[in-house]
There are 2 protein chains.
Amino acid sequence: MAVDRRVARTRAALYDALVALILRKGYPAITVQDLLEEADVGRATFYAHFTSKEDLLARSLERVRDILAEAVSRTEGSWSIALFTHVAEFRPVYAALAGIAAGDVLRGAIRRVVAGFVAERLLPAPGIPAELQAQHVAGVFMTLLSWWLDRRPRLEPQAVDELFGRLLAGEVRLAF
Amino acid sequence: MAVDRRVARTRAALYDALVALILRKGYPAITVQDLLEEADVGRATFYAHFTSKEDLLARSLERVRDILAEAVSRTEGSWSIALFTHVAEFRPVYAALAGIAAGDVLRGAIRRVVAGFVAERLLPAPGIPAELQAQHVAGVFMTLLSWWLDRRPRLEPQAVDELFGRLLAGEVRLAF
DNA sequence: CACGATGCCGAACACGATGTTCGGTTATTG
DNA sequence: CAATAACCGAACATCGTGTTCGGCATCGTG
């Protein structure tokens with residue numbers, strides 16, 4: 001037996017409402033009230049499905065992860081350019097999710113998604129703990145993603161991916 | 001005329017209360033109520049000095065920035081090892097500030113502080129925008145800092161600084 | 001297609017946190 | 001010592017939260 005249609009409808013309405021409100025006013029400013037009005041759902045109903053707006057966010061991110069994973073597995077080339085390209089398609093949503101303006105709360109969650117991809121594709125470097133390496137690559141990815149969406153939104157995904165390679169390769173140098 | 005002693009006392013009490021509460025229960029869970037009780041300050045008094053707990057946090061971070069800047073300028077060696085060493089001294093506070101457990105809200109703010117240091121010390125690499133480079137280095141620093149405080153708290157500052165150099169140098173490689 | 005189950009509505013409620021106001025008290029400065 | 005400035009504390013309106021309940025609709029199944 002499949003999921004009850006009413007359940008599916010309610011949850012979809014709330015997922016959509018969350019995205020719409022994130023775009024409109026940013027995640028931290030969203031209240032459960034807003035979600036109820038936007039999704040046209042009763043208060044009791046909301047709490048029958050989710051325990052809080054954070055819970056709703058967490059489950060939404062599971063969907064994002066699946067979508068990203070699917071986008072990557074469907075592509076021939078490198079995983080990073082697949083991600084950048086996919087992000088470019090849905091730029092407004094991801095800009096709101098990853099950008100500075102929308103708050104830092106979500107970045108950690110998205111970052112964890114990326115770290116998952118990275119962990120499977122590491123060529124271990126001796127003397128650097130594997131977990132740190134995964135975190136490092138995910139961090140560089142997130143930094144670049146934020147910068148791209150915030151400051152250079154017209155850049156092509158290929159160009160961004162090339163920058164990604166150069167940052168990872170250590171082309172940036174400091175004066176000590 | 002200097003600052004009124006009562007003003008100084010009140011603000012100091014609130015700064016200390018903020019740190020204490022961050023250590024005890026994490027930043028997001030803190031309420032203004034908690035701060036009032038912890039600092040033993042009247043409600044009206046709090047709002048005479050700060051507009052919200054976010055405001056209090058922002059001003060506290062200005063103090064952190066000054067402390068870090070002073071720690072760096074007082075050191076002979078590289079800025080990064082100065083920062084790592086200083087952080088090691090006040091590990092519990094920074095662990096709560098930068099760690100995953102305390103939430104991601106604060107990381108952006110601390111990151112901005114670090115980015116300030118970095119921007120002045122870049123050796124520009126051709127073809128990579130300077131702002132991205134600064135963000136990149138600050139990002140790598142924050143990633144490493146979080147990993148250190150969360151996962152390897154017993155590591156020596158020098159060892160961490162060495163890892164910092166190797167991450168920046170591009171020793172981490174991926175299979176595409 | 002009909003019936004029992006399941007999900008939804010909407011209103012009401014207690015609770016806790018916010019940010020403001022005001023009159024009275026205490027500390028500071030010069 | 002006197003004027004000034006800061007603090008207290010209590011009260012208040014407002015808002016968001018999370019829960020409860022009875023009545024209504026929609027669903028999947030027999």
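The paragraphs below go through a predicted model, beginning with the contact between the two protein chains and then turning to the two DNA strands.

Chain A and chain B each put 42 residues into their contact. The size of an interface is often given as the accessible area lost when the parts come together. For chain A and chain B this buried area is about 3900 Å², and carbon and sulfur atoms account for 65% of it. On the side of chain A, Leu132(A), His136(A) and Leu174(A) provide 16% of the area that chain A buries against chain B, more than any other three residues.

Polar groups also meet across this interface. Two salt bridges are found between chain A and chain B. In a salt bridge between Arg151(A) and Glu131(B), the N to O distance is 2.8 Å. Six residue pairs are in polar contact across the interface of chain A and chain B.

Several elements of chain A give two or more residues to the side that touches chain B: helices H5 (79-89), H7 (105-119), H8 (130-151) and H9 (157-168), and strands E1 (122-123) and E2 (173-174). The largest share comes from H8(A), with twelve residues. Sorted by class, this side of chain A holds 22 nonpolar, ten polar and ten charged residues. A strand pairing also links the chains: E2(A) runs antiparallel to strand E1 of chain B (residues 122-123), with two bridges between them. Within this pairing, Leu174(A) has Leu122(B) as its bridge partner.

The next part of the structure is DNA strand C. There are 21 residues around this strand, and the nearest are Thr10(A), Gly42(A), Thr45(A), His49(A) and Tyr47(B). Of the atoms of DNA strand C within 4 Å of the protein, 64% are in sugar or phosphate, and the rest are in bases. Two residues of chain A illustrate the phosphate side. A backbone N or O atom of Gly42(A) is 2.8 Å from a phosphate oxygen of DNA strand C, and a polar side-chain atom of Thr45(A) is 2.9 Å from a phosphate oxygen of that strand. Arg43(B), in contrast, has a polar side-chain atom 2.9 Å from a base nitrogen of DNA strand C.

The elements that give two or more residues to the surface near DNA strand C are H1 and H3 of chain A, and H1, H2 (32-39) and H3 of chain B. H3(A) gives the most, with four residues. By class, this surface has seven nonpolar, six polar and eight charged residues.

DNA strand D has 20 residues around it, of which Arg6(A), Thr10(B), Gly42(B), Thr45(B) and His49(B) come nearest. Sugar or phosphate makes up 64% of the atoms of DNA strand D within 4 Å of the protein, with bases making up the rest. Both chains have atoms close to its phosphate oxygens. In chain A, a backbone N or O atom of Val32(A) lies 3.2 Å from a phosphate oxygen, and a polar side-chain atom of Tyr47(A) lies 3.0 Å from a phosphate oxygen. In chain B, an N or O atom in the side chain of His49(B) is 2.9 Å from a phosphate oxygen of DNA strand D.

Two or more residues near DNA strand D come from each of H1 (5-25), H2 (32-39) and H3 (43-49) of chain A, and from each of H1 (5-25) and H3 (43-49) of chain B. The classes represented on this surface are nonpolar with seven residues, polar with six and charged with seven.

How values were computed: Residues numbered from 1 in each chain as written. Chains lettered and ligands numbered in written order. Predicted model: local features only at pLDDT ≥ 70, side-chain atom pairs only at ≥ 80, totals over all residues. Heavy atoms only, no water. Near = heavy atom within 4 Å. Polar contact = N/O pair within 3.5 Å; in protein donor to acceptor, adjacent residues only side chain to side chain. Nonpolar A, V, L, I, M, F, W, Y, C, P; charged D, E, K, R; others polar. Contact = heavy atoms within 4.5 Å. Buried area = accessible area lost by both parts, 1.4 Å probe. Salt bridge = Lys/Arg side-chain N within 4 Å of Asp/Glu carboxyl O. Pairing = 2+ DSSP bridges.
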